[in-house]
Amino acid sequence: MAHGSADVAGSWAMCVVHRAYTVVEGDEDMVRRSSGHLAALLLVTVALAACSSEGDTVAQDGTGSGRGSAPGGSVLSEEEAFLVLAEQQLVSRCMRVAGFEYVAVRPRPSAVVAQGSGHFYEERSLVARRQDGYGLSKTASAAVEEIPVEARANNEIVAKLTPAEKERYTLTLFGSDRTAISVTLPSGKSIATNSDGCLSEARRALYLDLERWLLLDYIGSASRLEINAAVRKDERFLTALRKWADCMKGRGFSVHDPGDAKEEAAKAYEAAGNEANARSRELEIAVADGECGEQSSFYTVLAEVEQEHTAAVNAKNEANVIAFREMQAQARDRAKRLLARSGSGK
Amino acid sequence: MLHKLRLTVAVAIVGAVLVTAPGASAHEAGSPVCDSGALCVWYDTHYTGSRFMFFGTNSSWHSWAIADDDSSSKNNGTTGLRARIWENTSYGGTLIECLAQGVKVAHNDPNDEGSSNDWQWSC
C-alpha cells in the first residue's frame with residue numbers, strides 16, 4: 001500500500017509540473033508489472049483472505065436512475081446480479097481490512113433499465129414525427145440530472161474523507177496505474193485495468209485469471225459496441241448516410257447523421273423560456289429527417305446492414321461468449337464457497 | 001487528436017471547477033488520476049489533456065469542453081455499475097462505450113464522439 005500511495009502522489013506531482021499536455025510517465029500501456037506490484041498484490045491477497053463476514057454492508061438498489069426505459073435496453077439476469085453482488089461483497093471486505101467502509105449494492109434485475117437502446121438511430125414513422133418530432137418535449141421536463149441512487153452510498157462515504165484519505169481509498173479500491181494490464185480485443189481495440197487493489201483482487205478470487213476476465217467480460221457484455229463499429233464502417237451504410245445528409249442539407253440542415261439532427265433539435269430546449277420555438281424546430285428537423293430517410297432509403301439500408309453485422313458479430317464471438325458464460329458459472333460456484341466459508345453466502 | 005484548438009482555451013482554466021450541478025459535476029485538471037466515484041474522460045489519448053470527472057448521469061456534455069472531444073476514459077465508479085458513453089445528448093445516437101468498474105481505455109474507439117453518459121448494471 002505504501003508503495004502504491006507513493007505512485008499516486010508521484011502522479012499528482014508530475015501533473016503539477018507537466019500540466020495537461022504531456023504524456024505522463026506511468027501510463028498503463030507503457031508499464032509492466034513490477035516487483036513492487038507483486039508485493040502490493042500479495043498484501044491485498046492476504047487482506048482478502050483475512051476478511052471476515054461480520055458487518056458486511058449491503059444495500060438494495062433503488063429504482064435505477066429513473067429516466068424511463070427504451071426498447072432493447074440492457075437486462076441483468078439473476079445469475080449476473082448474483083455475481084455483481086458477490087464481487088462487491090469481496091471488495092467491501094477487502095476495503096474494510098484497509099480501514100474503509102464500502103457498501104456492496106445488491107442489483108435488482110427488475111430495476112435495471114436502459115436510458116437508450118444502444119442501437120443505431122431508431123426509425124420513427126413520419127406520422128409520429130409530424131405529431132411529436134423526436135418526442136423530446138416529453139422527456140425534456142423529466143430530464144433531471146442526478147447521481148444514480150445505487151452510486152450514492154459509497155460516493156457519500158468518499159465525500160466525507162480528507163484529501164489524503166480519498167487518495168488512499170482510490171488506490172486501495174482501484175490499485176495503481178503502474179500495475180495495469182491490457183488486452184487487445186478481436187476488433188483491435190485495447191482495454192485495461194489495474195491488477196492490484198481490492199476490485200481486481202475480488203475479480204481474481206472469482207474468475208482466477210484477471211486478463212481473461214477483462215477480455216471475456218468486454219466481449220460478452222458489450223457486443224453492441226462492436227456491432228455499432230462495424231455498421232459505421234460499412235460502405236452501404238456510409239453511402240446511404242451521404243444521401244441522407246445531402247437531402248438534409250438541401251432542406252437547410254447541416255447535420256452529419258440522424259443523431260446529429262436529434263441533438264440539434266435538443267439544443268433548442270436548452271434555451272430557457274423557448275419551449276414553443278423549440279418544439280416547432282424539433283418537428284421541422286424530425287420531419288425533414290424522416291422524409292430524407294425515405295428519399296435516401298437510409299433507414300431501410302441501416303436495418304439491413306445492422307441485422308447482418310449483428311449476426312456476423314454474434315457468430316464471430318460465439319466461442320468467446322460461451323467461454324464467458326462458463327467462466328461466470330464457475331465464478332458463481334466459487335463465490336458461494338468463498339462467501340459461505342465466512343458465513344455470508346447468498 | 002493531440003492537435004485540438006480548444007486545448008488552448010483549456011490552458012487558462014486547468015484546475016478550475018467548471019460547473020457543479022446536482023449530481024452532475026465535471027472538473028478539469030489535466031491529471032491521469034481519476035477520483036473514486038467518477039467516470040473520467042480525457043481530451044487526449046493515454047489519459048492526458050484536460051480531464052473531466054462525471055459523478056452522475058449527464059444528459060449532455062455540451063456544458064463542458066469535452067463533448068465530441070473525448071479520447072480516453074476510465075470508470076472509477078464506486079459500485080458495480082457500468083459507465084456508458086453515448087454518441088449524442090440525452091443518451092441518443094449509438095452507445096459508443098461501456099466500461100465495467102475499474103476498466104479504462106487509453107484510446108477511445110470511436111474517438112471524439114461522446115456527448116452524454118449514464119450508469120447501468122449492464123451494457
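**Exercise 1. Is the crossing of helix 3 of chain A and helix 8 of chain A right-handed or left-handed?** Work out how the two helices meet.

*Solution.* This is a predicted model.

Step 1. Start with the axes. Helix 3 (residues 78–97) of chain A and helix 8 of chain A come within 8 Å and cross at roughly 130 degrees.

Step 2. Classify the angle. Angles of 65 to 115 degrees count as roughly perpendicular and those over 145 as roughly antiparallel. Helix 3 of chain A is therefore oblique to helix 8 of chain A.

Step 3. Assign the hand. The crossing of helix 3 of chain A and helix 8 of chain A is right-handed.

Step 4. List the residues. Helix 3 of chain A brings Ala86(A), Glu87(A), Leu90(A), Val91(A), Cys94(A) and Met95(A). They meet Cys198(A), Leu199(A), Glu201(A), Ala202(A), Arg203(A), Ala205(A) and Leu206(A) of helix 8 of chain A.

Step 5. Sort them by class. The contact of helix 3 with helix 8 of chain A has 10 nonpolar, no polar and three charged residues.

**Exercise 2. Describe how helix 8 of chain A meets helix 15 of chain A.**

*Solution.*

Step 1. Take the geometry. The axes of helix 8 (residues 197–207) and helix 15 (residues 318–341) of chain A come within 7 Å and cross at roughly 105 degrees.

Step 2. Classify the angle. Helix 8 and helix 15 of chain A are therefore roughly perpendicular to each other.

Step 3. Name the residues. Helix 8 of chain A uses Ala205(A), Leu206(A) and Tyr207(A). Helix 15 of chain A answers with Met327(A), Ala331(A), Arg334(A), Ala335(A) and Leu338(A).

Step 4. Sort them by class. The contact of helix 8 with helix 15 of chain A counts seven nonpolar, no polar and one charged residues.

**Exercise 3. Which strands stand at the edges of the six-stranded open sheet?**

*Solution.*

Step 1. Write the order. The six strands run 3(A)-4(A)-8(B)-5(B)-3(B)-4(B), and the pairing is antiparallel.

Step 2. Find the ends. Strand 3 (180–184) of chain A and strand 4 (48–54) of chain B each have a single partner strand, so one side of each is left without a neighbour in the sheet.

Step 3. Add the twist. Neighbouring strands of this sheet are turned by 20 degrees against each other on average, direction ignored.

Step 4. Zoom in on chain A. Strand 3 and strand 4 (residues 190–194) of chain A pair over five bridges in the antiparallel sense. Val183(A) stands opposite Ile191(A) in strand 4 of chain A.

Step 5. Look for the cover. Helix 9 (residues 210–221) of chain A lies across strand 3 and strand 4 of chain A, at about 45 degrees to strand 3 of chain A.

**Exercise 4. Place strand 7 of chain B in its surroundings.**

*Solution.*

Step 1. Survey the chain. Chain B has one helix and nine strands. The helix comes at the N-terminal end of that series, ahead of the strands. Of the 123 residues of chain B, 73% count as buried.

Step 2. Check strand 7 itself. Eight of the eight residues of strand 7 (residues 92–99) of chain B are buried.

Step 3. Find the partner. Strand 6 (residues 82–88) of chain B pairs with strand 7 of chain B over five bridges, in the antiparallel sense. Asn88(B) has Gly92(B) as its bridge partner.

Step 4. Inspect the turn. Three residues lie between the strands of this hairpin, and Ser90(B) takes a positive phi near 55 degrees.

Step 5. Cross to chain A. Helix 10 (residues 223–233) of chain A has buried residues, including Leu225(A), Ile227(A) and Val231(A). The buried residues of helix 10 of chain A pack against helix 11 (235–250) and helix 14 (298–316) of chain A, together with strand 7 of chain B.

How values were computed:
Residues numbered from 1 in each chain as written. Chains lettered and ligands numbered in written order. Predicted model: local features only at pLDDT ≥ 70, side-chain atom pairs only at ≥ 80, totals over all residues. Helix = DSSP H or I, 4+ residues; strand = E, 2+ residues; numbered from the N terminus. Buried ≥ 20, exposed ≤ 12 C-beta atoms within 10 Å, placed from the backbone. Pairing = 2+ DSSP bridges. Axes fitted to C-alpha atoms, helices over the stretch in contact; angles between N-to-C directions. Parallel < 35°, antiparallel > 145°, perpendicular 65-115°, else oblique. Contact = placed C-beta atoms within 7 Å. Nonpolar A, V, L, I, M, F, W, Y, C, P; charged D, E, K, R; others polar. Left-handed = near helix turned anticlockwise from the far one by under 90°.
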